[in-house]
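Okay, thanks for squeezing me in today. I'd like to walk you through one structure, so let me put it up on the screen.

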Amino acid sequence: MSMPRNPVPATAQTQNAQAWQAARRVLAVRLDSLGDLLMTGPALRALKEQGEGRTLTLLTSPAGAQAAQLLPFVDDVIVHRAPWMKPEPDGPGLSTHLELLEGLQARRFDAAVIFTVFSQSPLPAALTLYLAGIPLRLAYSRENPYHLLSDWAAETEPQEGIGHEVERHLRLVSHVGVTWNSDRLVATPRPGARRSVDRLLNRLGLGNRDDWYVLHPGASASSRRYPPELYARAVRELAGRYGLTPLFTGSEEERELTGRVRRQANGAGIDLAGKLDLHELTALIERAPLLITNNTGPAHIAAGTGTPVVSLYALTNPQHTPWRIPAQILNYDVPCRNCFKSICPEGHQLCLRGVAPGRIVGAAAQLLGREPLEGEVKASAAAS
């Protein structure tokens, strides 16, 4: 079911809606990573499509700039390592930020929207946009921003509940009268990447088969990684019971992890870690009958390609679940849920470690339309 076209009451909308409708050069600010940007995609698309002849420029991080390549409605990208967004040790200094400010002034944007999660302050970005002379500036804010924002929505998370990121960002743009026809994610690889992946699958003898899946065992935060030895047990069971072949994916830095899972799974499958660029990874997920992964970027790529997902979903954050696709979300309930930590503060990682590999097997069988064994049916039902 799609969200309503206008989830904010008319009385809550800004008086500047007409000016927003007339804006032609629009800047979107989202300085986070790949998955975050993909979940912002529906709001970005709504912004782009709202005004005739509108151009949409994205101000984002280096990781976000890669994800922007998968979003056909983004016209241009400005890459910036903002000092208020966990900069690297050799991150940007004042001169770099002043260069950004001068560049924004020169481009004479009509409007800008700052997309954040509730734990981030929009005000550093708002000050930058204010100094750049952008007349219309929208964001969520926990405190009165006065003139830093021309339009703002009160920040109610987490004290009044936490919504999915997709819903959060659509609610924000609806505050200035933006509507939409679809709230689905988009992840569109280059045609050349699709051809490359088709050739790869044909070489592997998988081109016309549906007895394979993609396994992406990594995640940027250690608290979101399902233990590799448990992944290996699931891989062995999926191979032994259903004859399913895994294609392991990951970055160059994750080759040790994928290699470890594969070795412990008796060498099952093919390790593609470090061998695919982002477009090829997206095309592979698009072709895959199933993706098994953690709460990480590829799960949101799958949401953009319509690929079913078994998500080993750590209970660190509630707002990142796979969006609008067939999915089995697996975790083990713990009292410390919603800790929002990148490293498990309790040291046990029980919200993931407590998931038995048999639950993965049952969830995968269900999504693939295979007949699960009796114990796997029970395991899958316990996950729902």
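Let's start with a small one: which residue just after α5 takes a positive phi? That's Gly133, with a phi of about 80°. And before we go further, keep in mind that this is a predicted model. While we're at α5, look at what is tucked away there: Leu123, Ala125, Ala126, Thr128 and Leu129 are buried.

Okay, staying with backbone oddities. Asn266 also has a positive phi, about 65°, although it isn't a glycine. You'll find Asn266 following α9, in the loop that runs between α9 (255–264) and β9 (270–271). Is Asn266 buried or exposed? Its relative accessibility is 67%, and the cut-off for exposed is over 50%, so Asn266 counts as exposed.

Now step back into α9 itself. Its buried residues are Leu257, Thr258, Gly259 and Val261. And what covers them? The cover includes β7, α8, β8 (245–248) and β9. Hold on to β7 and α8, please, as I'll come back to both.

One more backbone item before that. Follow the chain to the peptide bond from Glu157 to Pro158: that bond is cis, with omega near 0°. Pro158 sits in the loop between β6 (151–154) and α6 (165–174).

Right, on to the rings. How many aromatic pairs does the structure hold? Two. Phe118 and Phe340 make up one of them, and the arrangement is edge-to-face, with 5.5 Å from centre to centre and 85° between the planes. What I like here is that the pair joins distant parts of the chain, 222 residues apart. Phe118 comes from the loop between β4 (111–114) and α5 (123–131), while Phe340 comes from the loop between β12 (327–330) and α12 (350–353). As for burial, Phe118 has a relative accessible area of 12% and is buried, whereas Phe340, at 33%, is partly exposed. Phe340 also belongs with our backbone oddities: its phi is near 60°, a positive value in a residue other than glycine.

The other pair is Tyr226 with Tyr231, edge-to-face as well, with 4.8 Å centre to centre and 75° between the planes. Here Tyr226 counts as buried, at 1% relative accessibility. Tyr231 is buried too, with a relative accessibility of 1%.

Tyr231 is a handy signpost, so let's follow it in two directions. In one direction it takes us to His216, which is found in strand β7 (residues 212–216). Which residues does His216 touch, not counting those up to four places away in sequence? Tyr231 is on the list, along with Thr249, Gly250, Glu254, Leu291, Ile292, Thr293, Asn294, Thr296 and Pro298. His216 has a relative accessible area of 6%, which is under the 20% cut-off, so His216 is buried.

In the other direction, Tyr231 takes us to where α8 meets α13. On the α8 side we have Leu230, Tyr231, Arg233, Ala234, Glu237, Leu238 and Tyr242, and on the α13 side Pro357, Gly358, Ile360, Val361, Ala364 and Ala365. By class, that contact has 10 nonpolar residues, one polar and two charged. How do the helices lie against each other? The axes of α8 (residues 228–242) and α13 (residues 357–368) come within 8 Å and cross at roughly 45°. That angle falls outside the parallel, antiparallel and perpendicular ranges, so the two helices are oblique to each other. And the crossing, with α8 passing α13, is right-handed.

Last stop, and we're still around α13's stretch of the sequence. Take Pro326, in the loop between β11 (309–312) and β12. How far apart in space are Pro326 and Leu367? They're 7.3 Å apart, C-alpha to C-alpha, with their positions 41 residues apart in sequence. Leaving out residues up to four places away in sequence, Pro326 touches Thr307, Pro308, Val309 and Leu367. And at 47% relative accessibility, Pro326 counts as partly exposed.

That's my tour, so over to you.

Methods: Residues numbered from 1 in each chain as written. Predicted model: local features only at pLDDT ≥ 70, side-chain atom pairs only at ≥ 80, totals over all residues. Heavy atoms only, no water. Axes fitted to C-alpha atoms, helices over the stretch in contact; angles between N-to-C directions. Helix = DSSP H or I, 4+ residues; strand = E, 2+ residues; numbered from the N terminus. Parallel < 35°, antiparallel > 145°, perpendicular 65-115°, else oblique. Left-handed = near helix turned anticlockwise from the far one by under 90°. Contact = heavy atoms within 4.5 Å. Nonpolar A, V, L, I, M, F, W, Y, C, P; charged D, E, K, R; others polar. Phe/Tyr/Trp six-rings, centres within 6.5 Å; stacked < 30°, edge-to-face > 60°. Buried < 20%, exposed > 50% of the residue type's maximum accessible area, 1.4 Å probe, protein only.
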